[in-house]
Amino acid sequence: MKKSETLVELSGVDISLGGKSIIQDVSFDIHRGETIGLVGPNGGGKTTLIKAILGLVQPTKGKITFLSKVQFGYLPQKTTLPLEFPITVEEILAIYQANTDKGNTLLQKLGLGNKKRQQLKKLSGGETQKLFLVIALASDPDIIILDEPTSNIDTQADRDLQEIIEEEKIQNKTIIIISHDIDTVARQADQIVCLNQTVCCRGKPNLVMRSKEFQNLFHDTHYHHSHE
């Protein structure tokens, strides 16, 4: 497969929820092997757009077209699973069919290899985040969606995550990262899509971050970016 192969086309996508407009006229393509940084202010519609790509939310206008059969791996910002539920790490891996060779390798790499029989509720926030990353990647998906993947993890886990992302990129996986850390996104992404209900700017990180649209949108926000 060529890296430039288009996997998903978004064309004029509008999304309204509960009578409120969340997304307006969003159009861009997702290609095999590229890393997309999806950035924007809180309430800008990033997670809603991702849910639409995953088929969890339906557009009210426009369309999302899959030009190739793809499998998704998704790390949500917050899990809907009741973490106090009496279940072990091993059992939840089985539920999500994440007991694969790749899943077990990642479990070891992220320091969870000795936690298989531990109750989920006894994991720290960072360990839980890493566990759901393993679940997202265990099936060897074509498109990996990571919503704020570095939240709740320590510096070493962050390094491990960056290594894993680089390994997935080498395998020609498509990766979509939603993050408030602009520096991290800029280092990893081939293109940035800046979303504030609609696409404000899009393109290579160095060009987008210098654009007036980007500067105006993030001038007074808590996004992290250094000018080094």
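**Entry 1: helices α4 and α5**

I began with helix α4 (residues 125-137) and helix α5 (residues 155-170), which pack at an angle of about 10° with their axes 12 Å apart. An angle under 35 degrees counts as roughly parallel, so α4 is roughly parallel to α5. I listed the residues that make the contact: K130, L133 and L137 come from α4, and A157, L161, I164 and E168 come from α5. Sorted by class, the residues of this contact are five nonpolar, no polar and two charged.

I note here that the model is predicted. Its average pLDDT is 85, and 91% of the residues score at least 70.

**Entry 2: helices α3 and α5**

Next I looked at α3 against α5. Their packing angle is about 150°, and the axes are 11 Å apart. Over 145 degrees counts as roughly antiparallel, so α3 is roughly antiparallel to α5. On the α3 side I found K102, L106 and K109, and these meet D160, E163, I164, E167 and E168 in α5. How does this contact divide by class? The contact of α3 with α5 has two nonpolar, no polar and six charged residues.

I checked the two lists for shared names. I164 and E168 of α5 appear in the contact with α4, and I164 and E168 also appear in the contact with α3.

**Entry 3: aromatic pairs**

I asked how many aromatic pairs the structure holds. There are two.

One is F66 with F72, an edge-to-face pair with 6.1 Å centre to centre and 85° between the planes. F66 is partly exposed at 39% relative accessibility. F72 is also partly exposed, with a relative accessible area of 23%; the cut-off for buried is under 20%.

The other is Y96 with F132, again edge-to-face, with 6.3 Å centre to centre and 80° between the planes. Y96 sits in the loop between α2 (89-95) and α3 (101-109), while F132 is in helix α4, so this pair ties together parts that are 36 residues apart in sequence. I looked up the accessibility of each partner. Y96 has a relative accessible area of 40% and is partly exposed, whereas F132 is buried, at 8%.

**Entry 4: E127 and Q162**

I then took up E127, which is in helix α4. Is E127 buried or exposed? Its relative accessible area is 16%, and it is buried because the limit is under 20%. Apart from neighbours within four places in sequence, E127 has L112, K115 and K122 as contacts.

Q162 is in helix α5. This residue is buried as well, with a relative accessible area of 17%. Which residues does Q162 contact, leaving aside neighbours within four places in sequence? I found T150, T184 and Q188. For T150 I also noted the spacing: Q162 and T150 are 12 residues apart in sequence and 9.5 Å apart in space, C-alpha to C-alpha.

**Entry 5: positive phi in two loops**

I looked up backbone angles next. Most residues other than glycine have a negative phi. Two residues were noted against that background.

Q97 has a phi near 55°, a positive value in a residue other than glycine. Q97 lies in the loop between α2 and α3, the loop that also holds Y96. With a relative accessible area of 67%, Q97 is exposed.

N172 has a phi near 65°, likewise positive in a residue other than glycine. Its place is the loop between α5 and β7 (174-178). N172 counts as partly exposed, at 22% relative accessibility.

**Entry 6: Q58**

Where does Q58 lie? I placed Q58 in the loop between α1 (46-53) and β4 (61-66). Q58 is exposed, with a relative accessible area of 57%. Measuring tools aside, I also took down its spacing to V13: the two are 45 residues apart in sequence and 9.6 Å apart in space, C-alpha to C-alpha.

**Entry 7: the low-confidence stretch**

Last, I checked where confidence drops. Over residues 221-228, pLDDT stays under 50. The model has 18 contacts beyond four places in sequence for these residues. Where pLDDT is low, the predicted coordinates should not be read in detail. I therefore leave the contacts of residues 221-228 as a count and do not interpret them.

How values were computed: Residues numbered from 1 in each chain as written. Predicted model: local features only at pLDDT ≥ 70, side-chain atom pairs only at ≥ 80, totals over all residues. Heavy atoms only, no water. pLDDT = per-residue confidence, 0-100. Contact = heavy atoms within 4.5 Å. Axes fitted to C-alpha atoms, helices over the stretch in contact; angles between N-to-C directions. Helix = DSSP H or I, 4+ residues; strand = E, 2+ residues; numbered from the N terminus. Parallel < 35°, antiparallel > 145°, perpendicular 65-115°, else oblique. Nonpolar A, V, L, I, M, F, W, Y, C, P; charged D, E, K, R; others polar. Phe/Tyr/Trp six-rings, centres within 6.5 Å; stacked < 30°, edge-to-face > 60°. Buried < 20%, exposed > 50% of the residue type's maximum accessible area, 1.4 Å probe, protein only.
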